[in-house]
Amino acid sequence: MKNLYRKFRNLKYRYKLTLLVLAAGLIPVVIIVIYMQSGMMGILHENEVDSMENTLEQSVEAIDNQEMIYENLVGYLSYSQDLRSILSTKPESDYEAYLEYVNVADPLLQMPQIYHKEIKEITLYSESIQVAHGDTLMPLSEAENQPWYADMDNSTLLQWSVRRGARQEITACRKFYDDDVTAVLVMTLDYQAVLEPFTSQLRDNTGGIVLDAGGNVVYSSYSMDDKYTPMQPESVDYITENYTYSVQSMDGTGWRFYIYRPSEVITESVWILIARNIPIVIICIILLVLVGYAFSRRMVSCLERLTENMNQIHLGFRKVTVTSNSDDEVGVLIRSFRRMMDQINHLISEVYEGKIKLQNSEMKALQAQINPHFLYNSLSIINWKALEAGEDEISQVTLALSTYYRTSLNRGETMTTVENEISNIRAYLKIQLVMHDDSFAVNEEVDPEISGYEIPKLILQPLVENAIDHGLDMSENEEKCLYVGAAQDGDCLIFTVRDNGVGMEQEKADEILTYQSSGYGIRDVCERIQVLYGEAGTMKVTSTPGRGTEVKIRIPKKAGKKTQ
């Protein structure tokens, strides 16, 4: 956790803002998705229960309507005077009894089967009937052997009984109670046909159970995938604990109808809906990331430019490049920083000017201590004495030293011409070559057209001296070379001093012109150029370890009078 916090703390502000925008957008989305999922699951569960209740209500209502029809038929037949007359009147002969059975009983008991296909047969059991007449009239003793007889009580109401197994059937029974007649009217119904309005709904992972008034299972079936199959399909307790269900009772029979479905089927539809919405959520997240990144980049770009500008100022470049017109906190900070740097640059300029004036005063004081004529006469005498003694090398060094001091002193002026500066460098290099036994070569490229332009005095000598002392002298290269160039580029003069010495890392080269540098000569040249030319004058150091160092000075052209 600490490592994650540390990584987050060290992230760029842009990425922090992007992550915060992303979190601010994702948290509500996640909450909404969870809320919608739970809400949809609740709604789907309610809808599923309502659907099952409506389906069950319609099924039970259809069966109940049929039950009323059967009850009306049984009631009509039970109160039929023709049937009661057959049961209560003793015929004169068996033939007359047969005729009454055929002409009266059979049409009454067989006609309903023509209009109601689910009625398999209607049988009348009576004590007055001694011999069975087909399936319509039976002795009452035969009823005692039927499975439904044990379920009957003393009630005169219609009583229902169900047989399951190989011979499935439903029977509706009603007793006759009369002073002269004791009989039972039994209607046998097709098991599947009666329950068809209910069983037809048991599809697509749906199951159902029907219990009679005594709690016995009348019907049990299901149509489900293997993973949803109930372990105890005829246990109401098991079904109600593990499935979503609905229950309804039928008044006439006292039966209870249960319809049930797996809860996983309901939730599965929610997950399918969520899975379909996942691409939309992903697209929204991607858009949120892009918008967050663009927003953070827009907000942080000014701060990043300000930070970069401050790093450049830390390296010695005091120019403020970042601007802002906004009135927010960042805009106020940038404008305050610009005003602060303007004041600092103004103060630095004043310090530089004072320092340059001090240096000029010190230089003039030094020049005043030296009598140029006495120095030139002394060097001239040394030169003649060397020529008389045949010491040409001493004569050359003397002439070079005379030229060097003449161009350096320059009659006390702080400015000189390109021609005089190049002459000064040539004289200085002659002396250095004698001192180094010609251990390095000098390449010179000077544009003659720029010889009359005015430049600050002694801006190349510190560079050449530094190149020899810290570049060539420390190098083990067998072919040491020093390059001095002076050229023009439009309205600017470009001076180049380059060596193939030891070189240095570019990071260290960048520090040479800053306050961290210990080299006073080069830094002094840079400061004088900045004071004299401002932003128009530049000085750049580039270096590579093992390959050498190059210093370039770029200053505006300024016409001057060529000194003699």
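Ser269, at 34% relative accessibility, counts as partly exposed, a class that lies between buried (under 20% relative accessible area) and exposed (over 50%), computed with a 1.4 Å probe on protein chains only. Ser269 belongs to helix H8, residues 263–314, where helices (H or I, at least four residues) and strands (E, at least two) are DSSP runs numbered from the N terminus. Although 229 residues separate Ser269 from Met40 in sequence, their C-alpha atoms are 9.7 Å apart in space.

The model is predicted, so that local features need pLDDT of at least 70 and side-chain atom pairs count only at pLDDT 80 or more, while totals for chains, interfaces and linings use all residues. Residues are numbered from 1 along each chain as its sequence is written, and side-chain values use heavy atoms, with hydrogens and water left out.

Taken as a whole, the protein chain has 15 helices and 16 strands, and 39% of its 564 residues count as buried. Among its contacts (heavy atoms within 4.5 Å) with a separation of 6 or more, 63% are accounted for by residues 24 or more positions apart.

Helix H2 offers a buried counterpart to Ser269: Ser78, which has its place in this helix, is buried, with a relative accessible area of 3%. Leaving aside neighbours within four places in sequence, Ser78 is in contact with Arg84, Arg174, Phe176 and Leu185.

Helix H2 (residues 13–78) also contributes 4 residues, the largest share, to the lining of the largest cavity. On a 1 Å grid over the protein atoms alone, a cavity is a set of points where a 1.4 Å probe fits but cannot get out, and lining residues have an atom within 4 Å of a point. The structure holds 1 cavity of 30 Å³ or more, and the largest cavity has a volume of about 30 Å³, a volume being the space filled by probe spheres set on the points, which are joined across faces, edges and corners. The lining consists of Ile63, Gln66, Glu67, Tyr70, Trp160, Val194, Met250, Thr253 and Trp255. These residues divide into 6 nonpolar, 2 polar and 1 charged, where Ala, Val, Leu, Ile, Met, Phe, Trp, Tyr, Cys and Pro count as nonpolar, Asp, Glu, Lys and Arg as charged, and the others, Gly among them, as polar.

Helix H4 (residues 94–115) has 22 residues that should span 32 Å at 1.5 Å a residue, and its end C-alpha atoms are 31 Å apart, which agrees; the expected span is 1.5 Å times one less than the number of residues. H4 nevertheless bends by about 40° at Asp106, with a proline, Pro107, following within four residues, the bend being the angle between axes fitted to the seven residues ending at a residue and the seven starting there. Asp106 is itself one of the buried residues of H4, which also include Tyr101, Leu108 and Pro112. The buried residues of H4 pack against H2, helix H3 (81–88) and the strands S1 (119–126), S2 (137–139) and S5 (182–190).

Further along the chain, helix H13 (residues 461–472) reaches 15 Å from its first C-alpha to its last, close to the 16 Å expected for its 12 residues. Its buried residues include Leu463, Val464 and Ile468. Gly521, found in helix H15 (residues 520–533), is partly exposed at 31% relative accessibility, and its C-alpha lies 8.2 Å from that of Asn466, 55 residues away in sequence.

Methods
On a 1 Å grid over the protein atoms alone, a cavity is a set of points where a 1.4 Å probe fits but cannot get out, and a pocket is an open set with protein on both sides within 12 Å along at least five of seven lines; lining residues have an atom within 4 Å of a point.
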